[in-house]
Amino acid sequence: MPLLERDSALASLAEYARQASAGEGRIVLVGGEAGVGKTALVEAFTADRRNVVWGLCDGLFTPRPLGPLFDIAEQIGLDVAAVGRDELFAAALRALAGVDILVIEDLHWADEATVDLVRYLGRRLRGTLAVLTYRDDALTPGDPLRVALGDLGTQRATRRIGLAPLSEPSVRALAEGRGIDPAELFRLTGGNPYLVSELLRDDGGGVPASARDAVLARAARLAPTTRLVLDVAALIGTRIDPRLLTDATQAAPEDLDALVASGLLIGDGTVLRFRHELARLAVAQAVPPHRTRPAHAAVLAALQRLGSRDDASMAHHAEEAGDAAAALHHAVRAARSAAGLRSHREAAAQYRRAVRADGDDPALLDALAVELSMIDAWTEVAEAAERARVLWRAAGNGLREGNALRVRASAWVSLCRGGDALADLEAALAVLEPLGPTEELARAYAQLAKHRALADRNAEAIDLARRAQAVAAPLGRHDLLSDTLNTEAAARLMLGEAWIPLMRRALDVAIEHGHDEEAGRAYTNLYGLLCRARRFPEAEPVYREAIAYCDEHDVDTYGTCLRGERAASLSRMGRWDEALALCRIVLTRVEEASPINRIYALYVHATIRARKDEPEVWEALDEAAESADGSGEPQWIIKARLGRAEAFWLAGKLSDARAEAELADGACARADGWLRGWVATWLARTGSDRPARGALAEPFALEIAGDFAGAARAWEALDCPYDSALALLGASDEDSARRALQVFADLGATAAVRVARQRLRDLGARSVPVGPRTATRANSHGLTRREQQVLDLVAEGLTNAEIAARLVLSVKTVDHHVSAVLAKLGVASRAEAVGKTR
């Protein structure tokens, strides 16, 4: 593993060596926790130096007296036989006079005689640099070494170097290309280089054997009763309340002192904690199964005796103790508390625990589905709703059965299964309508209203929203009021009617009454619909408010949707790097982004890359089209198909582009003027003979009418440079084509530049600007376009994982590209590769 963040320490050692060689003598105390890299530092420092001797204190139960001196005796020509201690010390000092560097490692394991030798040499060495390493996490207050270190620290020749664990960026650099989450690696290891290297060597598969053995070897030195206390501490968690540990184990104060002295636990204010999470895991995993449950039961009982209100902790220990009743009780309380604090991810986790304790309670499944819906976990929502439906039906509760069908329908929408969603909603209404005006019926009407709006059946959507409001109003359900006002606002916009006051009211109602999901939806639709009309200045403050709200309140479903909407608006404004960065956030959070929420990010990411003439756009476009078709929603079908139409058009495949544009046209019969206009221009651009449908938004209408200059000006006024250039490209004059080419070039739209150059040739232009030489020149190092792209990102300092995210590739694929680059360049490292191509 490379030596990171140690340049300053190496420079200090080099300076101290220079000072020692000048006759001053230096004692350097290198301290740090176990595994922090003390040996690695000294080895790196001495790697190219001569006349170095090494001694080692080992960790035997009974230390070998003067072990380091015996190690170096032969190296320095010292006879240690039949000599008293004082004579031996003096002889050692004389023998070391010809040594440049003396290294004694692991001084914390030194016997008393070795400590005395160090103190003796510290006062007398001249011309020698003595480097002494020790663990500063393994010294008790009365340890003889601590006293010796204090003595040495007062001497003029002594210097100290303290080694800290690695920072998170360095851990991230080490983890690149290994398929391990860098943040999790840092959390588990605390940046400890040894633990990082061991976990990487073990490919992230649990606690590495070598790291586990090191921790357990230290634990084995504890007295049996103290070791039992350590085991319970590991089961409690990384941070331990001493009162809880004492109550659960009946530990004596001396036991806690011994744990701290061992270096496994450290004091942190009023609590104890494990120095590393891997250390805790190693100890916890070594606890025999027959002792694990009783230990958790003891902790649970201690928490109860101490009057703990930490339901989350008690739920955990109850579940591990096999106490289903207690686990259920505390998990439900913890879930409700988390939901009340708007921590929906934690609430979902606790409801999962409650369901594990009692999987036959449909009310728990209902509650779980609600919290899962807040974090975009729609596959689990569908599963929970189906289990609840079966149980409610068996119980003869039609209201709750109908509600479960409605919840599952919402899951199908997010999973792009529009047909299944409609079937479930119709089934829900068949169950609920005969039961009269209930909250469940109002929610089913509200859900069907959304489904109709998404299908561009806007008059029906408004009617259903009003019916839901009429049922819900006497019940005082503000969440339903917000939800239906939202749907009505969106439908009225599509009909060309006033909509912002309704949407603002939906948002205000949700926020005033603390309905996070409805507030997230209102923010998302307000922002998205403003951007749809290219009202970017109005949308900007809405986005800032919206994303802050969704992130703060853990509403990931709408936070992810907002980021997709934002990426699309940034793309329209020509801010492509920002748009791609947001797309990567969405697309690399595979477990969190539902299929419906991935469509926009896939479309934006692929179209920008297609414009830049970058390869491998079709996987994203294929996924977007498949999800859009599955959703049955015209807006997504239009976006996905026009993304494919543009990519084909940029590649010169006009007939394929036309076919995609006509598929989009098939979905736009009830769309608004912006979507209809978008489709109409691509039909015209690809040579389709299909006419435009209905009224179009102004820039599109101008272009379809042949006023390309007017359309370009309209797009410029809306801050949409790429659309402006596309409009100019439709004109029949050379000047417009040149202006379009310049805009494309400024945006870095290499593929569009190629189209513009061809347009100039078609117009008979005498001089056509030559494209960038780097786009056509063979790579001098034999690298493919993708390999050069990967190398450029390596030069930016990105890790393989970050490159994979940037290019939407797997980490393994990037690993292969990096290996190929190194091989073609004939170098051994990334740094050499970058240097060779500069």
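Two strands count as paired if DSSP finds at least two bridges between them, where strands (E, at least two residues) and helices (H or I, at least four) are DSSP runs numbered from the N terminus. The model is predicted, so that local features need pLDDT of at least 70 and side-chain atom pairs pLDDT 80 or more, while totals for chains, interfaces and linings use all residues. Residues are numbered from 1 along each chain as its sequence is written, and side-chain values use heavy atoms, without hydrogens and water.

**Exercise 1.** Determine how strand 3 and strand 4 pair, and place them in the sheet.

*Solution.* Begin with the pair itself: strand 3 (residues 101-105) and strand 4 (residues 129-135) run in the parallel sense and are joined over 4 bridges. One bridge links Ile-101 to its partner Leu-129 in strand 4. Then widen the view to the open sheet, in which 5 strands with parallel pairing follow the order 2-3-4-1-5. Its edges are strand 2 (52-56) and strand 5 (158-162), each of which pairs on one side only.

**Exercise 2.** Decide whether Cys-416 and Cys-561 are buried or exposed, and explain why Cys-561 forms no bond.

*Solution.* Start with the search of the whole structure, which finds 0 disulfides (pairs of cysteine sulfur atoms within 2.5 Å). For Cys-416, the nearest cysteine sulfur belongs to Cys-561 and is 12 Å away. Cys-561 makes no bond because the closest cysteine sulfur, in Cys-550, is 9.1 Å from its own, which is too far. Finally, compare accessibility with the cut-offs (buried under 20% relative accessible area, exposed over 50%, partly exposed in between; 1.4 Å probe, protein chains only): Cys-416, at 6%, is buried, and Cys-561, at 17%, is buried.
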